[in-house]
Amino acid sequence: MSTTEKVERVAETKDEFGLNRCLEVIGLPKSTWYYRRNQQVSYEEKYAHLRQDLETIARRWPEYGYRRTTTALREEMGHEINEKVVRRLHQSWDLALIRKTKRPKTQSIAADHPPGRRAS
């Protein structure tokens, strides 16, 4: 069960059984409960100011992954940001799909011999 689901369950039952009991039964720390109740900002909203810069880097250098993108954000754009944040934003905004994939090289054996014929 995710933390969000746990918070929702506690919110539903806290009036009947009390907050401390509900948190203990579900295994959720009180600090997490209060943090989640007061900080309702999603990850994408929190880092929305980086979206344009991340898209620019992804289009300019499609071969860059999250590591090189993080370096570009730091050195060229001046953002101090963690690689984990960039990786998570790449996944949530589908920036990894902008990257171009290369066709696999044909195998020399398959290229030399057409299908259905054996090499003598």
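In this predicted model, 25% of the 120 residues of the chain count as buried. The accessible surface of the chain comes to about 9700 Å², and carbon and sulfur atoms account for 45% of that area. With respect to secondary structure, the chain contains eight helices and zero strands, so that its pattern, when read along the sequence, is α-α-α-α-α-α-α-α. Among the contacts between residues at least 6 apart in sequence, 46% join residues that are at least 24 apart.

Helix α5, which spans residues 51-60, has Asp53, Leu54, Glu55, Ile57 and Ala58 as its buried residues, a set in which Asp53 and Glu55 belong to the charged class and Leu54, Ile57 and Ala58 to the nonpolar class. The cover over these buried residues of α5 includes helices α6 (66-75) and α7 (83-92). A residue-level view of this region is offered by Thr69, which is placed in helix α6 and has a relative accessible area of 2%, and therefore counts as buried. When residues up to four places away in sequence are set aside, Thr69 touches Leu54, Ile57, Tyr64, Val86 and His90; of these partners, Leu54 and Ile57 are among the buried residues of α5.

Tyr64, one of the residues touched by Thr69, also takes part in an aromatic interaction. The count of aromatic pairs comes to two, and one of them is formed by Trp61 and Tyr64, whose ring centres lie 5.1 Å apart with 15° between the planes. Because this angle is under 30 degrees, the arrangement of Trp61 and Tyr64 is classed as stacked. Tyr64 itself has a relative accessibility of 17%, and it counts as buried because this value falls under the 20% limit.

Turning to the open space in the model, the largest pocket has a volume of about 440 Å³. Its lining consists of 13 residues, of which Arg36, Gln39, Gln40, Val41 and Ser42 are the closest to the centre of the pocket. Helices α1 (3-17), α3 (30-38) and α4 (43-46) are the elements that each give two or more residues to this lining. Divided by class, the lining of the largest pocket comprises four nonpolar, four polar and five charged residues.

Helix α1 also holds Glu12, which has a relative accessible area of 62% and is exposed, because this value is over 50%. The C-alpha atom of Glu12 is separated by 9.7 Å from that of Cys22, a residue ten places away along the chain.

A point of backbone geometry concerns Asp94, which lies in the loop between α7 and α8 (108-112). Most residues other than glycine have a negative phi. Asp94, although it is not a glycine, has a positive phi of about 55°. With a relative accessible area of 44%, Asp94 counts as partly exposed, because the value lies between the limits of 20% for buried and 50% for exposed residues.

How values were computed
Residues are numbered from 1 along each chain as its sequence is written. This is a predicted model: local features need pLDDT of at least 70, side-chain atom pairs count only at pLDDT 80 or more; totals for chains, interfaces and linings use all residues. Side-chain values use heavy atoms; hydrogens and water are left out. On a 1 Å grid over the protein atoms alone, a cavity is a set of points where a 1.4 Å probe fits but cannot get out, and a pocket is an open set with protein on both sides within 12 Å along at least five of seven lines; lining residues have an atom within 4 Å of a point. Grid points are joined across faces, edges and corners, and a volume is the space filled by probe spheres set on the points. Helices (H or I, at least four residues) and strands (E, at least two) are DSSP runs, numbered from the N terminus. Buried means under 20% relative accessible area, exposed over 50%, partly exposed in between (1.4 Å probe, protein chains only). Contact means heavy atoms within 4.5 Å. Accessible areas come from the Shrake-Rupley method with a 1.4 Å probe; for residues, only the protein chains shown count as cover. Rings of Phe, Tyr and Trp (its six-membered ring) pair if their centres lie within 6.5 Å; planes under 30 degrees apart count as stacked, over 60 as edge-to-face and the rest as tilted.
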